[in-house]
Amino acid sequence: MSRMCPGNEVLAVDRVSVSFPGHSVLHEVSFSLEAGEFCGLIGSNGSGKTTLLRTILGFQVASAGSIRINGARGLTSVGYVPQKIALDPYLPMRARDLVSLGLEGHRLGLPLPSIKRREAVDGMLKAVDAEPFADQRIGELSGGQQQRVLIAHALVRRPRLLLLDEPLANLDMRSVAEIVALLRRLSVEHGLAVLLSAHDMNPLLPVMDRIVYLANGHAASGATYEVVRTEVLSRLYGYHIDVVRVHGRVLVIAAGTEAEMLAAVRRDPAHIAQVP
């Protein structure tokens with residue numbers, strides 16, 4: 001169920017549960033997100049991150065609980081960047097064409113040329129720093145460039161909430177840092193609430209206002225320092241978890257694997273992982 005959120009609250013997830021036959025995926029997940037906030041949705045593969053995003057979007061029906069989204073336009077006030085898909089390099093579609101579909105893709109037929117539409121597309125390409133490759137085929141772009149175009153596609157209708165499903169996967173470290181910085185800038189400049197799913201929280205640590213951590217179908221939410229603690233994550237996982245901070249990064253590891261993981265990090269500080 002979707003209802004209006006009060007004040008600056010853009011998204012409110014209240015005790016949402018999702019179950020499939022014989023399997024509970026999410027159990028009483030609750031958190032909220034205000035305008036301009038950047039939230040990391042963190043969890044290992046299979047923890048329910050995509051299911052939660054699909055439930056917020058209305059693609060998946062919740063078994064219990066409610067989801068409230070601010071904006072009289074309903075889901076038109078939500079932008080969505082799905083998990084990365086392979087794009088044919090020979091697809092005869094330019095980057096600007098894909099962004100334009102964010103305005104007209106919900107309608108049948110080809111859109112008529114319009115100065116207003118062109119200005120909206122050009123403005124969003126500029127906002128995500130995609131102007132230099134706006135007229136290149138989308139399939140020929142690098143992973144980081146494609147993500148910029150997909151973000152522009154999701155934002156061209158000026159939503160108040162942006163959902164991103166693993167947008168940093170398969171990107172090199174430089175592209176990850178650039179995309180995170182871009183999203184933070186857009187969040188601040190446009191009062192955009194951002195909910196980004198990832199299995200590694202470290203690239204998001206400098207920009208996250210809050211975190212939603214999923215494990216075993218349950219969630220803990222709040223500021224990073226409140227959630228990413230041994231006692232909180234041990235309770236989520238159902239067994240002892242150690243939170244180790246090294247080289248300015250965070251490792252979330254199952255008890256008994258500390259020595260192996262710390263040795264790996266000392267050999268290569270970029271080798272930071274979550275291991276439960």
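Does Glu37 count as buried or exposed, and at what relative accessibility? Glu37 counts as buried, at 14% relative accessibility. The close-ups below come from a predicted model, and this residue is a good place to start.

**Figure 1. Glu37 and Arg210 form a salt bridge.** Welcome to the first view, which centres on two side chains whose closest N and O atoms are 3.3 Å apart. Glu37 sits in the loop between β2 (23-34) and β3 (38-42), while Arg210 belongs to strand β8 (residues 210-215). The two partners are 173 residues apart in sequence, so their pairing ties together parts that are distant along the chain by that count. Glu37 is the buried partner, because its relative accessibility of 14% falls under the 20% cut-off. Arg210 counts as partly exposed, with 22% relative accessibility.

**Figure 2. Asp209 and Arg184 meet in a salt bridge.** Here the N to O distance is 3.0 Å. This pair links distant parts of the chain, 25 residues apart. Asp209 lies in the loop between β7 (193-198) and β8, and Arg184 lies in helix α5 (residues 173-190). How exposed are the two side chains' residues? Asp209 is partly exposed, with a relative accessible area of 33%, and Arg184 also counts as partly exposed, at 22% relative accessibility.

**Figure 3. Asp97 and Arg94 belong to a network of salt bridges.** Take a look at the pair itself before turning to its surroundings. The side chains of Asp97 and Arg94 meet in a salt bridge with an N to O distance of 3.0 Å. Asp97 is partly exposed, its relative accessible area being 26%. Arg94 is partly exposed too, with a value of 32%. Which residues are linked in the network? They are Arg94, Arg96, Asp97, Arg118, Asp122 and Asp135. For the wider context, the structure holds 15 salt bridges.

**Figure 4. Ala254 lies in strand β11.** The last view moves away from charged pairs. Strand β11 spans residues 249-254, and Ala254 is part of that run. Is Ala254 buried or exposed in this model? Ala254 is buried, because its relative accessible area of 16% is under the 20% cut-off. Asp242 makes a handy reference point in this close-up: Ala254 and Asp242 are 12 residues apart in sequence, and their C-alpha atoms are 6.2 Å apart in space.

Note on methods
Residues numbered from 1 in each chain as written. Predicted model: local features only at pLDDT ≥ 70, side-chain atom pairs only at ≥ 80, totals over all residues. Heavy atoms only, no water. Helix = DSSP H or I, 4+ residues; strand = E, 2+ residues; numbered from the N terminus. Buried < 20%, exposed > 50% of the residue type's maximum accessible area, 1.4 Å probe, protein only. Salt bridge = Lys/Arg side-chain N within 4 Å of Asp/Glu carboxyl O.
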